[in-house]
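Work through the exercises below with the structure open. Try each task before you read its solution.

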Amino acid sequence: MGAQRKGASRVSEDSEELARVSLQAVLLADSFTTKFRPITLERPKVLLPLVNVPMINYALSWLESAGVEEVFVFCCANSKQVIDYLENSEWVSLPDFAVTTIESHNSISAGDALRLIYERNVIHGDFVLITGDTISNMPLTQALQEHKDRKKKDSNAVMTMVVKRSKPSPITHQSRLGTDELFMAIDHNSKQLLYYEDRADDSKGIIHLDKSLLMDNPSISLHNDLQDCYIDICSPEVLSLFTDNFDYQHLRRHFVKGLLLDDIMGYKIYTHEICSSYAARIDNYRSYDTVSKDIIQRWTYPLVPDVKFFGNSAYKLERQGMYRASEILQARSAQVGPFTVIGDNSKIGDNTKITNSIIGQGCSIGSNVTIEGSYIWDNVTIEDGCKLSHAIVCDGVIIKSGAELEPGVILSFKVVVGDQFIVPSYSKVSLFQQPINQDSDDELEYADNSSVADTTDKSNNELMSKSLEMQGLPASELGNGGIGHVWSICEGSVEEEWRHSVAPIPADKLEKILQKATDDELELTRDANVLPTSGELKSDSNVSDGDDNEDSRDDSIHFEKEVEATFLRGVHENIKVDNVILEVNSLRLSYNKVAADCAGALFYSLMQFALDSPHGSSSELLQNTTNIITKWKKLLKYYLTDMDEEIEVILKFEEMCLESAKEFTPHFTKILCHLYDQEIIQEDAILRWDDEKKEADDSDKLFVKQAEKFIEWLRVASEEEDDEEEE
């Protein structure tokens, strides 16, 4: 994991060409959603820490390295905090990168923000439009050039949207970022966006296309496997369109859909798909968790903890993706597991175990504490014997001895959890009382200043905190000595809590809807009048076997990568085998694969994990491999229900030894023996594999010859058993 990801090179590689163009960007700092309350009542979302760095620094670092010269940061809710942060940061002192803030207390939507920017007359050409919760390492040169070339040919080509391949779960109908399943129709040749819908009817993947769309476009790709990165390259006309249409508030729901439905003006939106680069928007707590893990696992390189960029202090990267700051105090008996970040001046007590978590600066963690999959921000105190599982703990929180946070808990700033108190799953706790009238994300895209108190008033905050400290709260609220309000889950929002939480989706939820997903899939298959949810619609004259084969190969590659990622999550997050099986089954449905495909992909994942695990010699590699196979044999055996699937595993092993993992070549026979000893592969499958190779070329018999003695032993044993049965 410590190595740089392929294709994730420094994004300024084409800076010479970009230098000839003065490129501007608009960064909307107030991409506020109610999904981040109560935390955002006290601090703007763009200043929340993402792997111990304020979110906005990732967005600005990417824009600066991608060749943008001037950024206009639009601030609305809690604007004073954002402006103060930027004015006291290094961003104001860069010679070739100007950051200018635009403040408004009346704008409550993206549409209002862009209309105000149009009035200021500060944009003078094509510009990049992003939100402050976006992280990317993509180079802009190609997408920008495509946009300019299209604009020369067609003045109505006003926007290019960046998208990335990402299949949603067929069970939950949401992406790995926790966003709704997204449907797009794209012209296969020109990449023009023709249809955009993020709310399918009854979440069954049923969409309705106008007949004229199919008649006017001979080649359409219909996707539910694309992620909207919320990175747009816009022509200046976009700003004037918002000004001319005051009903445009939401960027996607109103503006994009409005242009797609408008057949009078003829404005067009195109897409640019990125493959090896990274781009994502943090829209909810699940995407916060996913993007944090992606940063730790280095998909966002060079925006990673051990590389110095604006707003971060460099960490030392150790093996298995563990990052440490230089100044920490850790007891010798404490255990810090893989994919963990420990911030400066933090202390970790005796017999404490931390896995897959991020610890901020100045934290004090006592003895016999267990922290798993959690985000502990700055200056947090966790006393002895506490247990935290998949939680977010904000600055200044105190968790007293023996307390427990169940999965999905959010503790906002300076909350105190009492001794031995158990905070139930998905609870949200704040010093602020829960607002009586809560805004929904449908009603506003940004914080309406009239809906919450102005939390930038420090004296108001201090008075509130003192009042809470003096009066305390009933023991039933947060235990003895606890301080804070537990927010109730609104009616109808229970499902949203587990869908958008940092905690893994509970197994019982997956089991409950897995059968429903299977039934829906069968129903769609039977209904000949329903269009497939993903694939390409073409006229007969455009169909070619070559394209079909290429799509099939691409699907297989994507499937194997998804299975490997699922397996690695199971390893590093200690997910039960049964839950990993549920996730692999969802991928199997999504990609229309059979059990043999799952078996081959899982075997590849196990072997690759063994290869990536530390080993100093070939014999250690063999030992690693046999240990991993033994530990995960239940997972592999689940998909080996007949001989064909077992033979698929042997063929996959041969392929790896010849191509991607030649280190296993001298150990082929020993590993095959181990698979046999563990009853993963039966002797009939091995003997059938040998029989099928008899007519093959010598070059294809390499591993049969290597295992010749073992195969002969199996044949003799099999014949003896047959003789005994006859007697």
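A residue counts as buried when its relative accessible area is under 20%, and as exposed when that area is over 50%. Keep in mind that this is a predicted model.

**Exercise 1. Take stock of the chain**

Task: State what share of the 727 residues counts as buried, and describe the fold in outline.

Solution. Start with burial: 55% of the 727 residues in the protein chain count as buried. Next, the accessible surface: the chain exposes about 32,700 Å², and carbon and sulfur atoms supply 46% of that. Then count the elements: the chain has 23 helices and 36 strands. Last, look at the contacts between residues at least 6 apart in sequence: 63% of them join residues at least 24 apart.

**Exercise 2. Decide where to trust the model**

Task: Find the mean pLDDT of the protein chain, then locate stretches below 50.

Solution. The mean pLDDT is 81, and 81% of the residues reach 70 or more. Now check residues 1-21: pLDDT there is below 50, and the stretch has 39 contacts in the model beyond near neighbours in sequence. Residues 440-476 also stay under 50, with 60 contacts beyond four places in sequence. Where pLDDT is low, the predicted coordinates should not be read in detail.

**Exercise 3. Classify ring pairs**

Task: Classify the pairs Trp91–Phe97 and Phe653–Phe668 by the angle of their planes.

Solution. A search of the whole structure gives 19 aromatic pairs. Take Trp91 and Phe97 to begin with: their ring centres are 5.8 Å apart and their planes meet at 55°. Planes under 30 degrees apart count as stacked and over 60 as edge-to-face, so what remains is tilted. The Trp91–Phe97 pair is therefore tilted. Both of these residues are buried.

Phe653 and Phe668 lie 4.7 Å apart, centre to centre, with 20° between the planes, and this pair is stacked. Phe653 belongs to helix 19 (residues 643-658) and Phe668 to helix 20 (residues 668-677), so the pair ties together parts 15 residues apart in sequence. Phe653 and Phe668 are both buried. Ring pairs also link them into a cluster with Phe603, Phe664, Trp689 and Phe703.

**Exercise 4. Judge the setting of helix 20**

Task: Which residues of helix 20 are buried?

Solution. The buried residues are Phe668, Thr669, Ile671, Leu672, Cys673, His674 and Leu675. That makes seven of the 10 residues, so helix 20 is largely enclosed by the rest of the structure. After the helix comes Glu679, with a positive phi near 60°.

**Exercise 5. Trace a sheet**

Task: Give the strand order of the six-strand open sheet and find its edges.

Solution. The order is 18-21-24-27-30-33, with parallel pairing. Strand 18 (335-336) and strand 33 (422-423) are the edges, since each pairs on one side only. Now zoom in on strand 21 (residues 353-355) and strand 24 (residues 370-372): three bridges join them. Among the residues involved, Lys353 has Thr370 in strand 24 as its bridge partner.

**Exercise 6. Place one loop residue**

Task: Is Ile282 buried or exposed? Find what surrounds it.

Solution. Ile282 sits in the loop between strand 14 (279-281) and helix 9 (285-296). Its relative accessibility is 1%, so Ile282 counts as buried. Beyond four places in sequence, its contacts include Phe36, Leu50, Met55, Asp133 and Val291. Lys45 is another contact. Ile282 and Lys45 are 237 residues apart in sequence, yet their C-alpha atoms are 9.7 Å apart in space.

Technical notes. Residues numbered from 1 in each chain as written. Predicted model: local features only at pLDDT ≥ 70, side-chain atom pairs only at ≥ 80, totals over all residues. Heavy atoms only, no water. Helix = DSSP H or I, 4+ residues; strand = E, 2+ residues; numbered from the N terminus. Buried < 20%, exposed > 50% of the residue type's maximum accessible area, 1.4 Å probe, protein only. Contact = heavy atoms within 4.5 Å. Areas by Shrake-Rupley, 256 points an atom, 1.4 Å probe, with all protein chains shown as cover. Phe/Tyr/Trp six-rings, centres within 6.5 Å; stacked < 30°, edge-to-face > 60°. Pairing = 2+ DSSP bridges. pLDDT = per-residue confidence, 0-100.
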